[in-house]
Amino acid sequence: MEAMLNIYNTYIVNILDIFIFAIIFYRIILIIKGTMAIQIVVGILFILGFTIVAEYVLHLRVLSWLLNRLWVTAAVIFVVIFQPEIRNVLARIGGRLWGLKAKVKDSYITEIVEAVEDLSVSMSGGLVAIGNKIGLKNFTETGISLNADISKELLLSIFKNKSAPLHDGAIIIFNDKILAAGCLLPLFPLNHDTGVKIILGTRHRAALGLSEVTDAVIIVVSEETGRISVAYKGKLNCNISSAELREIISTTARL
């Protein structure tokens, strides 16, 4: 009876082990899908297969020794190559465990939406990032620190003055404050397949780029068309209305 229980427990543990591994592997594939990382993974798997063939099939001693020395440093190589992906995953996990919440008050949402409406009508262009759980300090440091209350007037004064140095950068909002303006965001690569059937401008690429590495909600106002778009979690929602914008901010900026 005890032997049967041991076999049963071992069977359950093995199933759980396989299930956890499958989930981790699936999540990794989702993270690297559509990025250059998937090509690197294929290359690593090819080298791994070549190492096995060289050592155990062809018995190439010198080549096997060289490849085995390469795998000794594989951990360091892995971290260097996948640094952006690893940082993204750890930041998301840390944000969920720590429970950080960046809330945007309804009055501030109104200020943001009304400012975006004005920018859209005047075709002034604008880029506003609203942070959630993942901090944006490394991006705010690229701009001019403000730490000001959110107001329509301040947002418009930054973006409507096209000759001002802060006009072309992004405004970053976190914890009900405009932390900085004129910030530089990571540009989304042009060779990525986004599924968006438009020609991406610099602002849209910056919004998508930030949405891929953080959980921020990024609002874009096109200077050419006046259309409003929102980037969130690597996806770009184009040509939305003011009502849709309010709904998106209310739901996604309070995660």
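Strand S6 has both of its faces covered: Ile228, Val230 and Tyr232 on one side, and Ser229 and Ala231 on the other, are all buried. Stated as a count, five of the five residues of S6 are buried, and the strand is mostly covered. I should say at once that the model before you is a predicted one.

Let me turn to the neighbours of this strand. S5 and S6 pair in the antiparallel sense, over four bridges. Within that pairing, valine 221 has isoleucine 228 of S6 as its bridge partner. The two strands form a hairpin with six residues between them, and glycine 226 in this hairpin takes a positive phi near 80°.

S6 also runs antiparallel to S7, to which three bridges join it. Here alanine 231 stands opposite leucine 236 in S7. The hairpin of S6 and S7 has two residues between the strands.

Which residue in that turn has a positive phi? The residue is lysine 233, with a phi of about 55°, and lysine 233 is not a glycine. Most residues other than glycine have a negative phi. Lysine 233 lies in the loop between S6 and S7 and counts as partly exposed, at 43% relative accessibility. A further residue of this kind is asparagine 239, which is not a glycine either and has a positive phi near 55°. Asparagine 239 is placed in the loop between S7 and H10.

That brings us to helix H10, which spans residues 242-252 and in which Leu245, Ile248, Ile249 and Thr252 are buried. These four residues are on the same side of H10, because they cover an arc of only 95° around the axis. What covers them? The cover includes helix H6 (106-122) and the strands S1 (126-130), S5 (217-221), S6 (228-232) and S7 (235-237). Strand S6, with which I began, is thus among the elements that cover the buried residues of H10.

I now come to the charged pairs. Side chains of opposite charge can pair when their charged atoms come close. How many salt bridges does a search of the whole structure find? It finds four, and I shall go through three individually.

The first I shall discuss is between the side chains of lysine 160 and aspartate 118, at 3.0 Å from N to O. Lysine 160 lies in the loop between helix H8 (152-159) and strand S3 (170-174), and aspartate 118 in helix H6, so the pair ties together parts that are 42 residues apart in sequence. Lysine 160 is partly exposed, with a relative accessible area of 38%. Aspartate 118 is likewise partly exposed, at 24%.

Next, lysine 177 and aspartate 149 meet through their side chains in a salt bridge of 2.5 Å, N to O. This pair links distant parts of the chain, with lysine 177 in strand S4 (residues 177-183) and aspartate 149 in strand S2 (residues 144-149), 28 residues apart. Lysine 177 is partly exposed at 28% relative accessibility, and aspartate 149 is partly exposed at 43%.

The next pair is glutamate 223 with arginine 203, whose closest N and O atoms are 3.1 Å apart. Glutamate 223 is in the loop between S5 and S6, while arginine 203 is in helix H9 (residues 202-213), 20 residues apart. Is each partner buried or partly exposed? Glutamate 223 is partly exposed, with a relative accessible area of 25%, whereas arginine 203 is buried, with 14%. Salt bridges that share partners join Asp168, Arg203 and Glu223 into one network.

Let me next consider a nonpolar residue in helix H8, isoleucine 158. Isoleucine 158 is buried, with a relative accessible area of 6%. Leaving aside residues up to four places away in sequence, isoleucine 158 touches Leu146, Leu166, His167, Ile171 and Ala181. As for glycine 169, its C-alpha atom is separated by 9.5 Å from that of isoleucine 158, the two residues being 11 apart along the chain.

Finally, I turn to the surface. A nonpolar surface patch of about 760 Å² is made by Leu45, Leu48, Ile52, Val53, Tyr56, Val57, Leu58 and Leu60. One of these residues, leucine 58, is found in the loop between helix H2 (37-57) and helix H3 (61-72).

How values were computed
Residues are numbered from 1 along each chain as its sequence is written. This is a predicted model: local features need pLDDT of at least 70, side-chain atom pairs count only at pLDDT 80 or more; totals for chains, interfaces and linings use all residues. Side-chain values use heavy atoms; hydrogens and water are left out. Buried means under 20% relative accessible area, exposed over 50%, partly exposed in between (1.4 Å probe, protein chains only). The arc is that of the directions from the helix axis to the C-beta atoms. Contact means heavy atoms within 4.5 Å. Two strands pair if DSSP finds at least two bridges between them. Patches are made of residues with over 30% relative accessible area and no salt bridge: like charges are joined within 9 Å, nonpolar side chains (Val, Leu, Ile, Met, Phe, Trp, Tyr) within 5 Å. Accessible areas come from the Shrake-Rupley method with a 1.4 Å probe; for residues, only the protein chains shown count as cover.
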